[in-house]
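Q: Please take a close look at a single part of this structure. I would like one connected account of the surroundings of one side chain.

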Amino acid sequence: GNRRARMSDSTKRRASVLSSVFGRLAIASESVETIRPLLIVPQLYFNQCLDAHSVKTILRQHFLKQPRLRSRLVHEKNCSALSDVFFHELSEDAIDMDYHVQVLQPPQRWAQKDVEDFISSLYLQDMDPARPRWRFFLVNDLDDGRHLLIGCLDHSVCDGSSLIAVLYGMLDDLADPSSAANLPASFAPWVPSPFAARPPP
């Protein structure tokens with residue numbers, strides 16, 4: 001079912017000044033259409049088909065172990081401190097992975113232009129303020145034969161370098177036979193494809 005994050009499960013942590021700036025921007029975007037949040041949108045290409053169950057499993061093992069990545073943003077307007085945005089940490093079982101991981105099924109195979117158009121559309125969508133501000137989207141069978149995992153994370157919850165470290169940890173698990181033993185069998189054929197590589201014409 002669609003379980004919403006519960007405040008009773010939370011532990012409050014004050015955001016840094018920089019994260020507070022990004023957080024206020026994200027919160028303002030919910031009510032002011034002309035304000036858009038700053039997003040980090042990683043794209044991971046694979047040679048084999050992806051499935052939602054496997055992606056949810058690996059995200060639970062990596063993302064949900066990071067307190068900030070299982071926290072919702074709260075702007076306390078009456079707070080007099082320089083940083084007035086707080087992360088309210090949620091328990092792992094309060095995270096609805098059906099919301100955070102979605103399979104896209106376009107009517108035709110996507111070309112790179114379709115990928116770019118979808119990424120642009122993410123900036124026009126509001127994330128659920130009751131949930132951690134990140135989502136992943138699976139797109140199988142692109143027109144070049146590859147398969148794509150698109151992330152969408154608000155800049156308030158992570159920066160590029162910290163996100164890369166988490167994503168590399170995910171990929172390391174896929175490549176490490178000892179780690180792969182703890183993953184679903186569907187992970188076995190996952191072979192990351194070079195990010196910038198394109199098939200020869």
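A: A polar contact is a pair of N or O atoms within 3.5 Å; within protein, one of the two must be able to donate a hydrogen and the other to accept it. The model is predicted, and the part examined here is Arg-135.

Arg-135 is found in strand E7, which covers residues 134-139. The residue is buried yet has no salt bridge. A salt bridge needs a side-chain nitrogen of Lys or Arg within 4 Å of a carboxyl oxygen of Asp or Glu. For Arg-135, the nearest side chain of opposite charge is that of Asp-128, 8.7 Å away.

Polar atoms do lie within reach of the cut-off for a polar contact. A polar atom of the Arg-135 side chain is 3.3 Å from the backbone oxygen of Tyr-99. The side chain of Arg-135 also makes a polar contact of 3.4 Å with the side chain of Gln-102.

Tyr-99 and Gln-102 both appear again in the list of residues that Arg-135 touches. Leaving aside residues up to four places away in sequence, that list also holds His-100, Gln-125, Ile-150, Gly-151 and Cys-152.

Elsewhere in the model, strands E1, E5 and E4 form an open sheet in that order, with antiparallel pairing. Its edge strands are E1 (11-14) and E4 (71-75), each of which pairs on one side only. E4 and E5 (residues 85-89) are joined by five bridges, and His-88 in E5 is the bridge partner of Arg-72. Helix H1 (residues 17-28) packs on this sheet and touches E4 and E5.

Definitions and conventions. Residues numbered from 1 in each chain as written. Predicted model: local features only at pLDDT ≥ 70, side-chain atom pairs only at ≥ 80, totals over all residues. Heavy atoms only, no water. Pairing = 2+ DSSP bridges. Helix = DSSP H or I, 4+ residues; strand = E, 2+ residues; numbered from the N terminus. Contact = heavy atoms within 4.5 Å. Axes fitted to C-alpha atoms, helices over the stretch in contact; angles between N-to-C directions. Buried < 20%, exposed > 50% of the residue type's maximum accessible area, 1.4 Å probe, protein only. Lys, Arg positive; Asp, Glu negative; His and termini not counted.
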